[in-house]
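Me: Please take a close look at a single part of this model for me, beginning with one packed helix pair and working outward. I'd like one connected walk through it.

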Amino acid sequence: MSTATATASAAIAATTAELETRIRQAPQRFRVMTGDRPTGPLHLGHYFGTLHNRVRLQELGVDVFVIIADYQVLTDRDVADRLGEHTEGMLLDYLAVGIDPARSTVFNHSAVPALNQLMLPFLSLVSVAELNRNPTVKDEITHSRQSAVSGLMFTYPVHQAADILFCKGNLVPVGQDQLPHLEVTRTVARRFNERYGAVFPEPEALLSDAPLLLGTDGTKMSKSRGNSIALGADADETARLIKGAKTDAERHITYDPENRPGVSSLVLLAALCLGRDPHAVAEEIGGGGAAALKRTVTDAVNSRMAPIRARRAEYARDMGYVRSVLRAGNERANEIAMATLEEVRGVMGT
């Protein structure tokens, strides 16, 4: 690691630690805005990467908003396939992992029209050049499923700015690769306030130290790549998927993410499920080889996921309640969005 990289990492760690201290001291001062696109089942990467952190913040007393970003499905594909099914599956996953509708607000993007109305004045605050050089947009274009990039892809960061600022969210959990998107939101908030009057906070990034879990094929775990273990998978399916996961030819198991990514990702998954250090897990498996590693991972995942699967099955037996959670969340989000839109209209004189 270079000196500059090490210095930047240390600065990020210090900022994150300071922010965490402020959250613990006064959680009621923070409103988190986060969410997912309903493009397929949520998986273990989502659970360890974001979902458990949302529950943690909720338990601390932070006001948490979770958007099911159905409109944003269209940023990189031509149709929103199986949208209703994916939305309900996502709701089940949220409830199963511990998102509490009494303390967190879960809502559909498409159910809150004011979000799109807010996007229009926000678009006037950023230039085409700024959107065009956004590195996150460039990466998403590279991995787009569309033969031609739609205009919606370029407005995606501003779309997200509306999602965050409608509820005056001031805390956004992100990975470092998502910082450019959040910077657009901060820019929009700052320029709006300078041009029209103080309305919006400039949201802070709560940087996640979430570990990178690879998919069963050794590449990034993704809903669209078919290489993930869904939260809704049963024990047998989980065992089958882990059995087919990519490893390497070396029999002795070590935790070495740089040189042995596939093996190390499996070790890390077991360690996360067991609440242990990955080096210790690897040392314990030792010369047992890939077969012993996969047995350890399967047992650890199935044990950790068992109560979540049980809760998910229980909620699935009462879909009327699950849908009522979304209706109530949509109602609250609409009330807040309309109030914000009226405030925006007032200061803009429209």
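Reply: Let's start with burial: a residue is buried under 20% relative accessible area, exposed over 50% and partly exposed in between, with a 1.4 Å probe and protein chains only. Keep in mind that this is a predicted model, where local features need pLDDT of at least 70, side-chain atom pairs count only at pLDDT 80 or more, and totals for chains, interfaces and linings use all residues. Residues are numbered from 1 along each chain as its sequence is written, and side-chain values use heavy atoms, with hydrogens and water left out.

A good place to settle in is proline 157, a residue of helix α7. Proline 157 has 0% relative accessibility, so it counts as buried. (Helices here are DSSP runs of H or I with at least four residues, strands are runs of E with at least two, and both are numbered from the N terminus.) If you want a sense of distance from there, serine 265 is 108 residues away from proline 157 in sequence, and their C-alpha atoms are 31 Å apart.

Helix α7 spans residues 151-165, and it packs with helix α4, residues 114-123, at an angle of about 120°, with the axes 9 Å apart. The axes are lines fitted to C-alpha atoms over the stretch in contact, and angles run from 0 to 180 degrees between N-to-C directions. α4 and α7 are therefore oblique to each other; under 35 degrees would be roughly parallel, over 145 roughly antiparallel and 65 to 115 roughly perpendicular, with oblique for the rest. On the α4 side, the contact is built from Leu115, Asn116, Leu118, Met119, Phe122 and Leu123. The α7 side brings Thr155, Val158, His159, Ala161, Ala162, Asp163 and Leu165 to the contact. Contact here means heavy atoms within 4.5 Å.

Threonine 155 is worth a pause within that contact. Its place is in helix α7, and at 17% relative accessibility threonine 155 counts as buried. Setting aside neighbours within four places in sequence, threonine 155 is in contact with Met119 and Leu123. Both of these partners appear on the α4 side of the helix contact.

Now follow the chain out of the helix. At cysteine 167 the relative accessibility is 1%, so this residue counts as buried. Lysine 168 sits in the loop between α7 and β4, the latter covering 171-174. With a relative accessible area of 28%, lysine 168 is partly exposed. Its backbone deserves a glance too: phi of lysine 168 is near 55°, a positive value in a residue other than glycine. Most residues other than glycine have a negative phi.

For a second helix pair, turn to α3 (residues 83-97) and α13 (residues 319-348), whose axes come within 10 Å and cross at roughly 90°. α3 and α13 are therefore roughly perpendicular to each other. Here α3 contributes Thr87, Glu88, Leu91, Leu92 and Leu95, while α13 contributes Met319, Tyr321, Val322, Arg323 and Leu326.

A glycine farther along makes a nice link between distant parts of the sequence. Glycine 197 lies in the loop between α8 (179-196) and β5 (204-207), and its relative accessible area of 22% makes it partly exposed. Valine 344 is 147 residues from glycine 197 in sequence, with 9.3 Å between their C-alpha atoms.

Finally, have a look around helix α10, residues 261-274, where leucine 268 has its place. Leucine 268 is buried, with a relative accessible area of 11%. Beyond its neighbours within four places in sequence, leucine 268 is in contact with Pro211, Leu212, Leu213, Tyr255 and Pro278. One of these, proline 211, is 57 residues away in sequence and 8.2 Å away from C-alpha to C-alpha. Cysteine 273 is also buried, with a relative accessible area of 10%.

Just ahead of that helix, aspartate 256 lies in the loop between α9 (235-243) and α10. Aspartate 256 counts as partly exposed at 25% relative accessibility, and it touches Pro261 and Ser264, not counting residues up to four places away in sequence. Lysine 246 is 10 residues from aspartate 256 in sequence and 15 Å from it in space, C-alpha to C-alpha.
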